[in-house]
Amino acid sequence: MPASVASGDRTAAAAETVIEVDGLRKHYGSEVAVVDVHMRVARGEIFGLLGPNGAGKTTTVECLQGLRRRSGGRVRVLGLDPDVDGDRLRRRTGAQLQSSALPDRLRVGEALALFARTGREKENLDEIATRWGIRDLWRRPFGTLSGGQQKRLFIALALLNQPEIVFLDELTTGLDPHSRRTTWDLVRRIRDEGATVVLVTHFMEEAETLCDRVAIVDRGRIVATGRPDELVDRTNSDRHVTFTWPRADLRWLSRLPGVHRVSHDGDGVEVTGTGALAVRTAAALAHRGIEPSDFRTHHPSLEDLFLELTGRDLRS
Amino acid sequence: MFGKLAWTETKLSIREPTVAVFALAFPLILLYLLLNSFGTQPDADFSGVNTADYYVPAYMAGTVAALGLIAIPVHLAAYRERGVLRRLRASGISPGAVLVAQILVSAQIASVAAIVMLALGQTSYELSAPASWMTLVGGMVLTTVTFCAIGVALSSVLHTARAAQAIGLLLFFAMFFISGGGPPKEILPDGAALIADALPLSYAVDVLQQAWWKGGWHATGVAVQIGLLIAAAGVAINRLRYV
């Protein structure tokens, strides 16, 4: 995956840590939302917090921004303690918050003008509005925007001050698949222009395709952290290759390294194993002139890892 | 920066005027009815002044109470409920600035109401000029700040706009009719007079009526309002630090 190779280089070159969290705790009365979170985020990466609803992801990022006062633990964001220097910190960060809104009658242009505080930010207004495709919505009231348009406005607002860190909480929830993919491209662009992105999501696919590193959050704790491909490698689940090839005995495939099992089901063949199973199988088949057109690989995903680590389904 | 926020809030209040219209129109319509029902002669039941001199300052205070007890809590509770305050705060606009902007909007509406009442009274109902403009304006400012602070405190303990509206209306009507918007104090039954003494609006009415009739500060009225202001601000600051 070229994207993760590039990001690996990036984090190696600039390993400056911009977010340090040790033993973060947050409770509301007797209800404990965050039990014990440890994490490090390096400058310039897209760092994902992946977990089911209610895992404590939102509370964690709100504590990182000083929007909620933590109950315990140590947090430094850009070297600042959010509970002490919240205002100073928020001048250098941007945020798209979950379940937040603007007044229904506030127009897009007014919102941008209201949030642009410095002269430089005001000069950027037009360019940012154009770039995020909301220039044409300038006079539209917030209440009349579609879900996707609202998200784009929120991203534009989050980026007005050219933040060093951008927090995006459930950015694509409620968007259709097409808007979701478009939004992912926009998030990559934020990162490519130098900002660090902390992305909160409960979509496994979003974390896998978009994040340089992912922390899996469950019940107020981080249960695993790493590059998506590393995390997937940690699963015990097998990889599967399936294809259709009539009237052939392909049991010899089980002699390939990493192959555990070859099973036939009518004309269908399923090869099960670990590691570089797919490439080896494909190469061996091609070598013998067997070229099925429906060759498919089935990888374990972060969902499988989540299931293994917590015993529960990510979607539950 | 703050100016822009206040201007934006003003524009929004004009675009979404229902609550402001209620706060403006309800006291004005009632005042108009009362002024037409009673004569323009001074009357012992009205502290020895005429109907207009009695009711205009009381209704100015009443308008401020409607803004403070209904408009402010509904607006702020809705902002909190929908995450507007958090949204603003994440971008460096503090909830405090939003509150102050909202109080300025209320002050503008209260000023419009006061001017309309003054004009109505003086052109048609023999309303006398206030004995001290300074004390009257000062009293209006104090009343506005106090009732807005009470409204902010209310919004900080009520979590939804619907709750804020229900509680706000209840408090407003209870205060309004006992504290000077209904029968004058002189003819209130003893029990109601006791309740009147416990209601914040009575003290606001005292301050404005005294400013109008005699020109001096109503010491008790001022002291009680300042006490309420401090208490309400304390509650609000304590509860709204994290939204």
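In the predicted model, the centres of domain 1 and domain 2 of chain A, taken over C-alpha atoms, are separated by 42 Å. The domain assignment places residues 2–229 of chain A in domain 1 and residues 239–299 in domain 2. Along its principal axes, the C-alpha trace of chain A spans about 70 × 45 × 40 Å, and the secondary structure of chain A consists of eleven helices and 13 strands. Of the 316 residues of chain A, 40% count as buried. When the contacts in chain A with a separation of 6 or more are considered, 69% of them are accounted for by residues that lie 24 or more positions apart.

Chain A also touches chain B, and in this interface 22 residues of chain A are in contact with 17 residues of chain B. On the side of chain A that touches chain B, helix α3 (86–90) and helix α4 (108–115) each supply at least two residues, and α4(A) gives the most, with four residues. When the residues on this side of chain A are divided by class, eleven are nonpolar, three are polar and eight are charged.

Within chain B, a pair of helices illustrates how two elements of one chain can be arranged against each other. The axes of helix α3 (residues 51–81) of chain B and helix α5 (residues 95–124) of chain B come within 9 Å and cross at roughly 155 degrees. Because angles over 145 degrees count as roughly antiparallel, α3(B) and α5(B) are roughly antiparallel to each other. The crossing of α3(B) and α5(B) is right-handed, and the residues of the contact between these two helices comprise 17 nonpolar, six polar and no charged residues.

A single residue of chain B may be examined in the same manner. B:Val21 is found in helix α2 of chain B, which covers residues 18–37. B:Val21 has 10 C-beta neighbours inside 10 Å and therefore counts as exposed, since a residue with 12 or fewer such neighbours is placed in that class. With respect to another position in the chain, B:Val21 and B:Ala211 are 190 residues apart along the chain, and their C-alpha atoms are separated by 27 Å.

Notes. Residues numbered from 1 in each chain as written. Chains lettered and ligands numbered in written order. Predicted model: local features only at pLDDT ≥ 70, side-chain atom pairs only at ≥ 80, totals over all residues. Axes fitted to C-alpha atoms, helices over the stretch in contact; angles between N-to-C directions. Parallel < 35°, antiparallel > 145°, perpendicular 65-115°, else oblique. Left-handed = near helix turned anticlockwise from the far one by under 90°. Nonpolar A, V, L, I, M, F, W, Y, C, P; charged D, E, K, R; others polar. Contact = placed C-beta atoms within 7 Å. Domains from an automatic or database assignment. Buried ≥ 20, exposed ≤ 12 C-beta atoms within 10 Å, placed from the backbone.
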